[in-house]
Amino acid sequence: PTASTSPKAEEPPKPGAQWRYSSSDDEMTGKPARQASVLSTNTVTFDFPYQGAQHGQLSLRTHPRHGKDVILSIERGQFQCRSYDGCTVLVRFDDGAPQKFSAAGASDNSTETLFIQNYSRFVGAMAKAKTVRISAEVFQQGNPVFEFDVSGFDQEK
């Protein structure tokens, strides 16, 4: 007779396993630049020419020369947020009321990235939340909502 094996129960993911942490030395200062990133749990689909499902990415960056940044990026598309006049995004932490945050486009004028202002306010609220939803205007695509599982974020990394 052949031996049967019982199916192995899958272990639940560890809290915070969705976060990706990286660190590199800034060549000008020799000090570390650190980043934590998480992909959205949902996808959005845009019309031509940016069609296809895509995730948003939320990144928190601490850089010795550039300071602290909250960065929202998409794979394809154009955020309607210029580096010189900025914009407003809506952010909702768990089931709280949506909050307005000022944001600015990238200084290199790339349209797939925006910088959400007030790092301390954002990270302070995010540290108490499990879910963050961010809505930002995308050219000819409305204001899609990206949802992020931010549980288990480790500020020390």
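**Exercise 1: The pocket**

Sort the residues that line the largest pocket by class, and find which elements give two or more of them.

*Solution.* By class, the lining of the largest pocket holds five nonpolar, three polar and four charged residues, where Ala, Val, Leu, Ile, Met, Phe, Trp, Tyr, Cys and Pro count as nonpolar, Asp, Glu, Lys and Arg as charged, and the others, Gly among them, as polar. This is a predicted model, in which local features need pLDDT of at least 70 and side-chain atom pairs count only at pLDDT 80 or more, while totals for chains, interfaces and linings use all residues. Residues are numbered from 1 along each chain as its sequence is written, and side-chain values use heavy atoms, with hydrogens and water left out.

Next, list the residues: among those that line the largest pocket are Tyr21, Arg34, Gln35, Leu60, Arg61, Lys68 and Tyr119. A pocket is an open set of points on a 1 Å grid over the protein atoms alone, where a 1.4 Å probe fits, with protein on both sides within 12 Å along at least five of seven lines, and lining residues have an atom within 4 Å of a point. Strand 2 (32-39) and strand 5 are the elements that give two or more residues to this lining. The volume is about 170 Å³, taken as the space filled by probe spheres set on the points, which are joined across faces, edges and corners.

**Exercise 2: The sheet**

Trace the order of the strands in the open sheet, and explain why strand 1 and strand 11 are each left without a neighbour on one side.

*Solution.* Begin with the count: the chain has one helix and eleven strands, which are DSSP runs (helices H or I, at least four residues; strands E, at least two) numbered from the N terminus. Nine of the strands make an open sheet in the order 1-2-5-6-9-8-7-10-11, with antiparallel pairing, and two strands pair if DSSP finds at least two bridges between them. Strand 1 (20-25) and strand 11 (145-149) stand at the edges with a single partner strand each, so one side of each has no neighbour in the sheet. Neighbouring strands are turned against each other by 30 degrees on average, direction ignored.

Now look at single pairs. Strand 5 (residues 56-63) and strand 6 (residues 67-74) pair antiparallel over eight bridges, and His63 stands opposite Gly67. Strand 7 and strand 8 form a hairpin with five residues between them, and Asp94 in the turn has a positive phi of about 50 degrees. Strand 8 is also joined to strand 9 by three bridges, with Ala103 opposite Ile116.

**Exercise 3: Bonds and unusual angles**

Locate the disulfide, the cis peptide bond and the positive phi of Asn109.

*Solution.* The search of the whole structure gives one disulfide, a pair of cysteine sulfur atoms within 2.5 Å. Cys81 and Cys87 form this link, with their sulfur atoms 2.1 Å apart, and at -90 degrees about the S-S bond the link is left-handed.

For the backbone, recall that most residues other than glycine have a negative phi, and most peptide bonds are trans. A cis peptide bond joins Phe48 and Pro49, with omega about 5 degrees, and Pro49 sits in the loop between strand 3 (44-46) and strand 4 (52-54). The phi of Asn109 is near 65 degrees, and Asn109 belongs to the loop between strand 8 and strand 9.

How values were computed: Axes fitted to C-alpha atoms, helices over the stretch in contact; angles between N-to-C directions.
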